[in-house]
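The following paragraphs introduce the reader to the charged pairs of this structure and then to one unusual point of its backbone. Please consult the sequence and the model alongside the text.

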Amino acid sequence: MEKSLDPETSGSFNGKKDDESSTPKPDAHAEELSPELRSSFAQIMEDVDMFVETLSSATEKSSFPEIPDCVESLLKIIESLISKYDVSTRFGQNQEDNASFFGSMNRISKLVNNLGEFPSGSSNSSFNRASFVLHRAVCLLDAEFHALLENSKRSSNPDHKSPKSYKQSSFNHNQELDQSVASEPETVTEEEFPAFTKESIANMNLLAKSMIFAGYEMECCLIYGAFRGKAFENELDKLGYENISTDDVQKMQWEPLEKEIASWINIVQRCSRNLFSSERKLCHSVFSNYPSIAERLFFDLATALIMRFLNFAEAIVLTKRSAEKLFKILDVYETLRDILATINDLPVEDLEAEITIAQRRVGESAVSIFCELENSIKNDNGKTPVAGGAVHPLTRYTMNYLKYACEYKDTLEQVFQLHPRKNISYSNQPKVQEEPETMEQSALSEFSIQVRMVMDLLDANLAMKSNLYKDPSLRYIFLMNNGRYIVQKIKGSAEIYEILGQTWYRKRSSELRQYHKNYQRETWSKVLQVLNHEGLQVNGKVLKPVLKERFKSFNSLFDEIHKTQSAWILSDEQLQSELRVSISSVVIPAYRSFLGRFKQFLAPGRQTEKYVKYQPEDLEGLIEDLFDGNRMSMAKRKN
């Protein structure tokens, strides 16, 4: 059966004789114990207990009491054990010695505390000797506590992987972000007290309990806090943490700062999910008899680290704001939210307030950056139209930005709710289309309103840019391209679709169909008018000069359209196919009818070849050439 090491109850003593040549003798009182003294150890402990009980129950404490011989005997025993620990033994190696030492020390602690209540105690030699021996014993515990904490450091596991960030949050104006880039963090197995054996923890628990009982709580806590703080510093070093000042953060370019933010997020997540819980468990194991002390020590350690983390977060907020920073800012916001969840069961109102303040500043920064998207759209007022009526870079940028932002929809909803945009006048913003069958304007969240404002601004900007095209047909090709791109992006993002709503989506689809009709009217109505049978006959007789002019006009119009619109661009293959089919379904039947009806009135041979340039099947192939643009570069372009 394992022997109890509780200093309150243990009274055993190791009766083996120490080697005289190796036992130091710090003073005359530390001589080798006599056999009689060792054999009477249990009786000495009992006598001291009785004396301490007498002192504690005494009602009259006007004169210093007489000190019995058992006290001096106990002091000699403690000094002998101190000398033995100093030379040949470590705590934990001999359970009997440990029990004897802690049992004896506990009794001397009680004795000194009780004698201190009597007058003239500081001038009494027995009192001073007991205090000196107690101090030596505590110094020994102090050194042993140092050694255990110093020798039991956290070790890094070469196979251990830090958690990854939830999202790759880089975004720039030239980047197409059509793919989702959410990646689950790798599971991190929590190690139970890294590099601390159960024996080491048990010994630290015993040492801490004895030091605190002896009145050395402050010293014990200072030692523990200093060493565990250093251990955490080492762990952060292994994880690659750098304590970057606010000034240095302000000077950094975005690319290296983005990497530092990603590293900061990983490290804070590691602390929140693994290291803090392990450290807290260690505190409660070492100070199991004093849970309030354990919580205070853990709180002090966690507070020091968290404040450093907050300093970096607030330094990021002070950097120059730009659109591509939004997603890392949101990652920081989510990480701060995780820290709050980690400490939610601690009595840490001040720390919680600090985290909340930092989170508010980060949230306000995120709101401000997102709202800057409005200015980006408003300020994009270039006067050069995009070649071929292709999708405008502003449309690609805005829709990809929104698509990626909406992957943070829940966080952005929270951010806009808790940190609403300041100094905004909704009367100066584009009106948001109401959807009475789905939701009222008043029921929309702040973030949803903001997204709709962005879309309305984009619509207005694209309408302005469409007027840069002198050719009305190309104007509608431009609007079709951009409108189709927007609709496809919304269709591909459940989050954006939910925000904008079904009615908005249907309205935009209806506008696309109208652009299609307007294009048909602007481009092909003249062609169809040429193929009209009216005006070709007078009194049932075909007017050949008019007929020849009609064929010449058709050839000229079609050649011009083919030449011009083959260079135009329809980026979406489905839209391209639909428009070609639509054109073919209108033009080819009309031409086939016209040709079939009037070709016979042209003289066979050279005259027919001169005026009838195309057969219906020729037109079908030529229509397939329309809207190819620079096909080699556009075919592989992301949509």
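The count of salt bridges comes to 23 in this model, which is predicted. As a general matter, side chains of opposite charge can pair when their charged atoms come close. Several of these pairs merit individual attention.

The side chains of Glu-79 and Arg-136 are joined by a salt bridge, with an N to O distance of 3.6 Å. This pair links distant parts of the chain, for Glu-79 belongs to helix H3 (residues 69–87) and Arg-136 to helix H5 (residues 125–151), 57 residues apart. How accessible is each partner, Glu-79 and Arg-136? Glu-79 has a relative accessibility of 0% and is therefore counted as buried. Arg-136, at 16%, also falls under the 20% limit, so Arg-136 is counted as buried. The pair does not stand alone: Glu-72, Glu-79, Arg-129 and Arg-136 are linked in a network of salt bridges.

A further salt bridge joins Asp-459 to Arg-508, and here the closest N and O atoms are 2.4 Å apart. Again, distant parts of the chain are linked: Asp-459 lies in helix H15 (residues 446–466), Arg-508 lies in helix H17 (residues 494–530), and the two are 49 residues apart. Asp-459 has a relative accessibility of 25%, which is why Asp-459 is classed as partly exposed. Arg-508, by contrast, is buried, with a relative accessibility of 6%.

Which other residue forms a salt bridge with Arg-508? Glu-511 does so, the closest N and O atoms of this pair being 3.1 Å apart. Glu-511 and Arg-508 both belong to helix H17, where a separation of 3 residues corresponds to about one turn of the helix. Glu-511 counts as partly exposed because its relative accessibility is 23%. Arg-508 thus pairs with Asp-459 in helix H15 and with Glu-511 in helix H17.

The last feature concerns the backbone. Most residues other than glycine have a negative phi. Phe-627, although not a glycine, has a positive phi of about 65°. Where is Phe-627 found? Phe-627 is located in the loop between helix H21 (616–623) and helix H22 (631–634). Despite this position in a loop, Phe-627 is counted as buried, because its relative accessibility is 0%.

Note on methods:
Residues numbered from 1 in each chain as written. Predicted model: local features only at pLDDT ≥ 70, side-chain atom pairs only at ≥ 80, totals over all residues. Heavy atoms only, no water. Salt bridge = Lys/Arg side-chain N within 4 Å of Asp/Glu carboxyl O. Helix = DSSP H or I, 4+ residues; strand = E, 2+ residues; numbered from the N terminus. Buried < 20%, exposed > 50% of the residue type's maximum accessible area, 1.4 Å probe, protein only.
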